[in-house]
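Visitor: I would like to go through this model with someone who can justify the terms used for it. Could we take them one at a time?

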Amino acid sequence: MPSNLTVIVLAAGGGTRMKSKTMKVLHEVGGRSMIGHVIAAVQATGPQRVVAVVGHQREQVGPHIRDLAPDSLLAVQEEQKGTGHAVRTAVETLVATDGPTEGTVVVAYGDTPLLEGDSLRAFVAEHEAAERAVSILSGELANPFGYGRVVRDEDGDVVAIVEEKDATADQREIREINSGILAFDAGFLLDALPRIGNDNAKGEYYLTDTVQIARDAGLTVGAWAIDDVMQTEGANDRVQLAELGREMNRRIVTRWMRAGVTVMDPATTWIDADVVLAPDVTILPGTQLLGLTEVGEDAVVGPDTTLKDCEVGAGARVVRTHGELAVIGAEATVGPFSYLRPGTRLGARGKIGGFVETKNAVIGEGAKVPHLSYVGDAEIGEGANIGAGTIFANYDGIAKHHTKIGRHAKTASNNTFVAPVEVGDGAATGAGSVIRRDVPPGALAVSSGPQRNLVGWSMRRRPGTDQAEAARAALAESAAADDQQADRPHDH
């Protein structure tokens, strides 16, 4: 790509049809904002300068763009007076900052999330090779209703862009449409912008008027028809946003399948744009991989699993699980019905079993939390086993505290660890114990007292109930059996 490329991204519109307090271009598709996808495509062209035009809700949009492209310039369009006015605002900001602009200027839109860097690069290369004043990124549609048509002469040069409402019957038959994405010779653009008028029904300055200005000056205008015209589609409301989301997901899932990932049911699988999958990963139905999730080779995820910003090691198995900001080690197993909250780190070959919730918990290599437990603010050592129904009581009503379980410790069922507390390496606990004090290495900690049986309690305290009657019948049956045994002759 040329070193002297400027890209202007238009992101000032209000997006009122979204009916949202969130600015239109900030709505997400595939785990990124719409403008995030556009900025990624723009950066793939290696531009020397990026200028984003902001207006409505710029206090939201501006910082987001600067996070994505720290070197970009922000041009503020106080009043939205059309695309020509927006580009003029961008150029004025650019000239005031860097001086006169040379080379090529591309104008893109912040609500076209399917746009790809390869397509922009090819568009710019074709524009510069043809040495045009203006190039239009166009495309052909089977049903072009509602779009501006690209009208060409017999030599293939673009004569005009005609809007649907102004088109003749013959022009309406044209299937080549204007995407709105344009490339300009910078010198021509700087000369043409002040000459764009607003003598139209809306009183706006239309950037497409540059086509006629170039033609009148005897300059070349052309169009490059993109094969994948959906890359130029924008979203004006939430229906269109959902359609773009489905298409984005279809493309992402297809790309990963072609890269060696098995996706059992693409229709129920959602993968965000920044997810990374290794070859031979298997994704089962009903799975969502979101954010910056990474999955190692031979891992199996799903069914019915949602992971956001998680890391899954090679050969791991994650079933019916919800996880966020968690790390799952190689060959570890998770689920079913597990909830991995932020700060969970499960070691290699470890296990988080059914109906287990973890938070800020480091579970060592080969350690297991198999059943029905809550593990919060804890460290569980290598090879340790946590019994079913265990609670790590980490909160005292004011502050969170830490529990540490040593290497190869074995804790029994229905334990409660009242933090802060430490169980030493190789130690054990008895069933039903409440552990409030540290347990030395190799010790057995038991806190429950001896069992007492209050005979006849249900008949005395629950007379007339099914419970009392069942107890009475069982006692009667037991007494009869004892009598029968007493009546039998005994050997001497």
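Visitor: Which residues lie nearest the centre of the second largest pocket, and how many residues line it?
Guide: In this predicted model, 15 residues line the second largest pocket, and Arg32, His37, Glu116, Met248 and Arg255 are those nearest its centre. The space in this pocket is about 350 Å³. Both α1 (34-43) and α8 (238-258) supply at least two residues of the lining, and the largest share, 4 residues, comes from α8.

Visitor: What makes up the lining of the second largest pocket by class?
Guide: The lining has 9 nonpolar, 2 polar and 4 charged residues. Arg and Glu count as charged and Met as nonpolar, while His falls among the polar residues.

Visitor: Why is Thr293 called buried or exposed?
Guide: The cut-off for buried is under 20% relative accessible area, and Thr293 has 0% relative accessibility, so it counts as buried. Thr293 lies in the loop between β16 (288-290) and β17 (294-295), and, leaving aside residues up to four places away in sequence, it touches Asp274, Val275, Val276, Leu307, Lys308, Asp309 and Cys310.

Visitor: How do you know that the side chain of Thr293 makes polar contacts with the backbone nitrogens of Asp309 and Cys310?
Guide: A polar contact requires N or O atoms within 3.5 Å. A polar atom of the Thr293 side chain lies 3.1 Å from the backbone nitrogen of Asp309, and for the backbone nitrogen of Cys310 the distance is 3.2 Å, so both distances fall within the 3.5 Å limit.

Visitor: Why is Lys19 called buried or exposed?
Guide: Exposed means over 50%, and Lys19, at 71% relative accessibility, therefore counts as exposed. Lys19 lies in the loop between β1 (5-11) and β2 (28-29), and has a positive phi of about 50 degrees although it is not a glycine.

Visitor: What makes strand β30 largely enclosed by the rest of the structure?
Guide: Strand β30 covers residues 374-380, and 6 of its 7 residues are buried, which is why it is described as largely enclosed.

Visitor: How do you know that β30 pairs with strands β28 and β32?
Guide: Pairing requires at least two bridges. Strand β28 (residues 357-363) and β30 have 6 bridges in the parallel sense, with Glu357 opposite Tyr374, and β30 and strand β32 (residues 403-405) have 3, also parallel, with Thr403 as the bridge partner of Ala378. Both pairs therefore meet the requirement of at least two bridges.

Note on methods
Residues are numbered from 1 along each chain as its sequence is written. This is a predicted model: local features need pLDDT of at least 70, side-chain atom pairs count only at pLDDT 80 or more; totals for chains, interfaces and linings use all residues. Side-chain values use heavy atoms; hydrogens and water are left out. Buried means under 20% relative accessible area, exposed over 50%, partly exposed in between (1.4 Å probe, protein chains only). A polar contact is a pair of N or O atoms within 3.5 Å; within protein, one must be able to donate a hydrogen and the other to accept it, and residues adjacent in sequence count only if both atoms are side-chain atoms. Contact means heavy atoms within 4.5 Å. On a 1 Å grid over the protein atoms alone, a cavity is a set of points where a 1.4 Å probe fits but cannot get out, and a pocket is an open set with protein on both sides within 12 Å along at least five of seven lines; lining residues have an atom within 4 Å of a point. Grid points are joined across faces, edges and corners, and a volume is the space filled by probe spheres set on the points.
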